[in-house]
Amino acid sequence: MTIGSRTDFAALGVTVLDGRLTVEDGTYASTTLTAGHGSGDLGEVYVLRGGTLNLADDLTIGRAGESRLSIQSEDDLFDDSVVNSVDTFVGLQPGAVGEIEVGPQGRWFNSGDVYLGGSDLANGGEGTLRLNGTYFATQYPAMAEIGGNLELRDGLISLFTGAELTVGGQLETRSGTQLVMQHDAVLRVNANLLDLAGGSFDWIEGQIHFTSKFNVDSTVSHAPLGNAVTLDAGEETPFSETWVQSIVVDGELGVGTGAGGSLEVAGGFANSVSGRIGGNGVALQPSRAKVDGGESIWAMSQDLTIGTLPANPEARLEILNSGTVSMRNAFIGILGLKGDVTISGAGSALASTDSVYLGGNASLGGGQGTLALTNNGTLAVGNSASDQLVVWNGYAVTMNQSAINARNLVVRGSIAPAAGAFIPGHISVAGTTDVDGGTLTLSALSSNLVASGNVIVQNGGALNAYIHGGIGTNVVVVGIGSTWTTPNVVASVLGSSTTGVGRIRSLTLNAGGTANLTAGVSFAAGASDGLQMGGGTLNAPTFNAGTVGVSGRGTINASYSGSGQISPNGALTIGNAGSPVGFATTGSISVFGNSLTLNDADAVELGPTTTLGIISTGGALIAPNGINLALGETISGFGSVQTDNNAADRLQNLGAINGASTTNRITLAGYVTGNGSFTNVEFTGTLEPSGALPSIRTGLVSGSNYKFTSSSELLMDIGGANPGFGYDIIFSTGQFIADGALKVSLINGFTPSIGQTFDLLDFGTLIGTFDALVLPLLNPGLGWDVSQLYTQGRITVAAELLKADFEQDGDVDANDLALWQNGFGIQVSAAHDEGDADANGAVNGADFLIWQRQYTGPLAMVAEITVVPEPSAWWLSALSMIFPITGRYKRCARPSLRLLTPRTCRLL
């Protein structure tokens, strides 16, 4: 310890009147210390090289004269130089000049108040506090900690090169004073107790560390830096470092939370516990925070909230030109408020370690605003599996050459390309993507949804994007109006075990959900599944199912091809009705008790086996434009095969259609052709046997247990004398149930001659009759003998007979009338020799009129008969009293029937 020439050691303290007090490498303790005691005195105090000065009370530097206190070590070989004091006065009285300098490795701990240029009661002289650290990283910076207030009444506070000043109480500057910060200096103060309104604040570089909440606002009381703060980058150091302006807030950093304000981080940085831009009161000015530049950072350890009343000027965060903003959670545009964000420029990012909520919070929406991502800007959300980016209804995200990376994504609002954007960018989601009533659109090949997890589109949501997925990507589209649409460039691949654009593990389309895969769809090589139809719709130009096949229910509007099994578990529609290759399969079909509709512009091509029905429930196979059942292919089981009942949309059977039994048949409702076999089949439409080619109009069909109904038509062609080649023939073992209409036509210019017989039907047991027989016109004098139709299945060309010649003796006379009288009243299955002249199965007045017109007996009889009037209700009633009417059931065999007609035999 060195003592100057005029130094008093009073019992209560030490006074350096005019000289120097040096404390080196040791400790000196005193109650008080005063330097520069009197006017004209020059007192100096140095605490150097690990020295310590402990004062139990006041420290006065420049009481009335001039004084300087220097605290520093400047050598790594020594410990810090330290001064401990209670209250400090620098430049106490008018005219006094005092300065405290804390240099490298200097430490000043003042537990009470510090007054520069006076005292707590009055102004004084001039006081200066200088903290000056060092450039060298091996030496500690200068540090001063003031537990009470720091009041700059007259003079200067200079914080330079790594200096740290901490003020526990109020920091106040008066008029004419100056606070200077530069070169990485730190000012640590409570924002509520910082008052810089009186003096000038030259913040060149350095950090202000607020130990409480801090606001940038024009009206909030704890906004000591006013309503506009800019954090700039400073000058470059001799060691290629750049000192910057920065703010550290041990609470919330608020921007415009009252009437509005702006914070710009332009090369500097802000670090706070939390952040808020805008408030929920009336604001007259915008609330804006801009983080602009490659070294510009705003980092928060907790949450960021952005929003203001919709009627206020905007509350906006701008992240530009590689600026970054990070936080735990972000709530942007919460309930009743609007909040906007712009992220633009390569390297510009908003990064959340937890979740981001746009237009609401974790459980409730109701906010509004926009987030604009442009020019390679990035939004990064979440580190853990439960973190998520939620875009609430009413909030809009636009993208232009930008990126979103999220652990999970929920879209109830919209994500879409910015106006005029050709390449919106990509969205990468590690977990689940849920488009829940909102819209997600990425319109370009290079802009796709990279989904490592599941993708759900529900509640009317719309996903318009390629999915870059793989083995972990299962896509589910469910709900009326819910859609997934891809651009028309890359085909979609289902069942994929590798990643890539358009590749996903599976697609599930539940009730109301629609997938529009506009470039086509197929299954991956080696896939065993990948499509679950649960009542939704798949639209695609083509669907190559490969060996996988299709199951479920719903609609697949695509030109379908494949060799796998098709097995609906409800109503399922497959194919493209507008394409000539709308449906073709080489695989089996199991309809079970469901319905399967197959669409093609032409007839659909079935596979080797098609099975209908299960247990007691029949299945339905529907093909509006017809079916081609090739040789060797079968349809079996029970249920119905429904095609349109016209020749253009026919079912051509060149294979076999086999119903399960006579009680569980297959019903054919449309127009049926071909030369295949039919077993246990019911026809409710039209059957026209034919050859294997359209040019071959006649054919032989086989099988057993044919059943025709009242609505059916059996069309038989005769174009020659050879069965199967010249005319149609049916070989049916078992039962043959006749009903409906049998229509026979002559084709290929063929003219039958008398005596020719055509064995149209070959059956085991015949039940019933046809309701109508429509036979072709023959040459004059010839007619059709159908007397063996229901016994042998034959019709024969014979000489024409008179219809009323019931006894078939070549004339019409009273004997024929007697036969008519005996049979009068038979209502069904009447034979010709029982008085049925018009072959309708009934004996009534119409047959009598035919007898009357054809009568060839004595004239007296003719005269007697000619007075009989046309039959009417009263006349038939009278006849019924003379000839009692008896009913009769249909009969199969009528060996005595020999009906000849030049045109038709029709039952009326």
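This short talk walks through some aromatic pairs, one helix and two strand residues in the structure above.

Let me say at the outset that we are looking at a predicted model, and that every value I quote is computed from it.

I will begin with the aromatic rings. The structure holds 24 aromatic pairs, and one of them joins Y706 and F708, whose ring centres are 6.5 Å apart and whose planes meet at 25°, so this pair counts as stacked. If you are wondering why two numbers are quoted, a pair of aromatic rings is described by the distance of the centres and the angle of the planes. Both partners are buried, Y706 at 0% relative accessibility and F708 at 2%. These two residues also belong to a cluster linked by ring pairs, in which they are joined by F678, F683, F736, F763, F770 and Y790. Elsewhere, a ring has a charge for company: the charged end of R412 sits over the ring of W392, at 4.6 Å from the ring centre.

Let me turn now to helix 1, which covers residues 814-823. Which residues of this helix are buried? They are D816, L817, W820 and G823, and, when one looks down the helix axis, the buried residues fall within an arc of 130°, so they line one face of the helix. As a reminder, an α-helix has 3.6 residues a turn, so residues three or four places apart point the same way. At the N-terminal end, helix 1 is capped by D813, which places a side-chain oxygen 3.1 Å from the backbone nitrogen of N815. Just after the helix comes G825, with a positive phi of about 105°.

Finally, I would like to set out two residues that lie in strands. E99 is part of strand 12, residues 97-102, and, with 18% relative accessibility against a cut-off of 20%, E99 counts as buried. Setting aside residues up to four places away in sequence, E99 touches I61, S67, R68, L69, V90, T128 and R130.

L317 lies in strand 34, residues 315-320, and is buried, with a relative accessibility of 0%. Where does L317 stand with respect to S287? The two are 30 residues apart in sequence, while their C-alpha atoms are 8.6 Å apart in space. Once neighbours within four places in sequence are left aside, the residues in contact with L317 are I277, A289, L304, I306, V325, D340, V341, T342 and L350.

Key
Residues are numbered from 1 along each chain as its sequence is written. This is a predicted model: local features need pLDDT of at least 70, side-chain atom pairs count only at pLDDT 80 or more; totals for chains, interfaces and linings use all residues. Side-chain values use heavy atoms; hydrogens and water are left out. Rings of Phe, Tyr and Trp (its six-membered ring) pair if their centres lie within 6.5 Å; planes under 30 degrees apart count as stacked, over 60 as edge-to-face and the rest as tilted. Buried means under 20% relative accessible area, exposed over 50%, partly exposed in between (1.4 Å probe, protein chains only). A charge sits over a ring if NZ of Lys or CZ of Arg is within 6 Å of the ring centre and within 35 degrees of the ring normal. Helices (H or I, at least four residues) and strands (E, at least two) are DSSP runs, numbered from the N terminus. The arc is that of the directions from the helix axis to the C-beta atoms. A polar contact is a pair of N or O atoms within 3.5 Å; within protein, one must be able to donate a hydrogen and the other to accept it, and residues adjacent in sequence count only if both atoms are side-chain atoms. Contact means heavy atoms within 4.5 Å.
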